[in-house]
Amino acid sequence: MDKSSERLSRCVLVGAGVGAVAGSVAYFVAQGVGWVVGQVAPSPDANIGLGLAMMALTPAIAGLVAWPGLRWQRVPGAGLSSVWAVIFFYVLLLPLRVLMSALDGSVAGGLFDPAPPLGFVVAGAVPMAIATALGVVAGRAIALRKRTASTT
């Protein structure tokens with residue numbers, strides 16, 4: 001392995017770790033916001049708007065949490081990587097959400113259930129870890145392309 005590919009693999013692993021933490025934190029923040037809104041303004045029926053807001057809040061917070069983590073680990077193009085991670089998060093999470101709604105809760109023992117206590121793994125940590133690793137690769141490729149274009 002040459003030095004460049006070694007550095008890229010390290011950045012991808014760091015990105016996956018940062019993404020897992022960011023996805024978990026974002027999931028718990030969104031759940032906390034949902035709990036607070038439920039305590040302040042309880043709804044007798046299902047609050048679909050709150051659920052949609054929590055789903056939209058998760059990747060936005062995850063991207064904001066991933067950016068300083070990537071910068072702290074000196075991953076080049078951390079901002080661009082975190083933006084790509086949010087895009088990849090939506091791309092990965094949409095089929096997972098469809099699968100979760102299509103499967104009955106009894107199928108696979110509720111493995112795809114996004115609710116607590118282990119919902120953060122399926123709804124936050126794993127998709128964001130994969131998305132951030134992909135975002136690091138995309139961000140580095142774009143940064144490298146910009147750098148080589150500016151030198152020529």
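Which helix is the place of L50? L50 has its place in helix 2, and the views below start with the whole chain before returning to that residue.

This is a predicted model, in which local features need pLDDT of at least 70 and side-chain atom pairs count only at pLDDT 80 or more, while totals for chains, interfaces and linings use all residues. Residues are numbered from 1 along each chain as its sequence is written, and side-chain values use heavy atoms, with hydrogens and water left out.

**View 1. The chain holds 4 helices and 0 strands.** Read from the N terminus, the elements follow the order α-α-α-α. Helices (H or I, at least four residues) and strands (E, at least two) are DSSP runs, numbered from the N terminus. Of the 152 residues in the chain, 32% are buried; buried means under 20% relative accessible area, exposed over 50%, and partly exposed in between (1.4 Å probe, protein chains only). The accessible surface of the chain is about 9,000 Å², and carbon and sulfur atoms own 72% of that area (Shrake-Rupley method, 1.4 Å probe; for residues, only the protein chains shown count as cover). Among contacts in the chain with a separation of 6 or more, 80% join residues 24 or more positions apart; contact means heavy atoms within 4.5 Å.

**View 2. Helix 1 covers residues 3-40.** Its 38 residues should span 56 Å at 1.5 Å a residue, and the end C-alpha atoms of helix 1 are 54 Å apart, which agrees. The expected span of a helix is 1.5 Å times one less than its number of residues. The buried residues of helix 1 include glycines G15, G19, G23 and G34, and C11, V14, V18 and A22 are also among them. An α-helix has 3.6 residues a turn, so residues three or four places apart point the same way.

**View 3. Two neighbours in helix 1, Y27 and F28, bring their rings together.** The whole structure contains 2 aromatic pairs. One of them joins Y27 and F28 edge-to-face, at 5.6 Å centre to centre with 70° between the planes. For such pairs, rings of Phe, Tyr and Trp (its six-membered ring) have centres within 6.5 Å; planes under 30 degrees apart count as stacked, over 60 as edge-to-face and the rest as tilted. Is Y27 buried or exposed? Y27 is buried because its relative accessible area is 5%, whereas F28, at 47%, is partly exposed.

**View 4. Helix 2 (residues 48-72) can be viewed beside residues of helix 1.** Helix 2 has 25 residues and reaches 37 Å from its first C-alpha to its last, close to the 36 Å expected at 1.5 Å a residue. L50 is buried, as its relative accessible area is 17%. Leaving aside residues up to four places away in sequence, L50 touches G34 and V37. L50 and V37 are 13 residues apart along the chain, with 8.2 Å between their C-alpha atoms. V33, in helix 1, is partly exposed at 34% relative accessible area. From V33 to L57 the C-alpha distance is 9.4 Å, with these positions 24 residues apart in sequence numbering. Other buried residues of helix 2 include M54, T58, P59 and I61. After helix 2 comes R74, with a positive phi near 60°.

**View 5. S81 is a buried residue of helix 3.** Helix 3 runs through residues 78-102. With 0% relative accessibility, S81 counts as buried. Which residues does S81 touch, not counting those up to four places away in sequence? S81 touches L70, P76, G135, V136 and G139.

**View 6. Helix 4 carries both buried G124 and partly exposed L134.** G124 lies in helix 4 and has a relative accessible area of 0%, so G124 is buried. G124 and V21 are 103 residues apart along the chain, yet their C-alpha atoms are separated by 8.8 Å. L134, also in helix 4, counts as partly exposed at 41% relative accessibility.

**View 7. L92, V121, V126, I130 and L134 make a nonpolar surface patch of about 350 Å².** Helix 4 (residues 119-151) gives the most to the patch, with 4 residues. Patch residues have over 30% relative accessible area and no salt bridge, with like charges joined within 9 Å and nonpolar side chains (Val, Leu, Ile, Met, Phe, Trp, Tyr) within 5 Å. A salt bridge is a side-chain nitrogen of Lys or Arg within 4 Å of a carboxyl oxygen of Asp or Glu.
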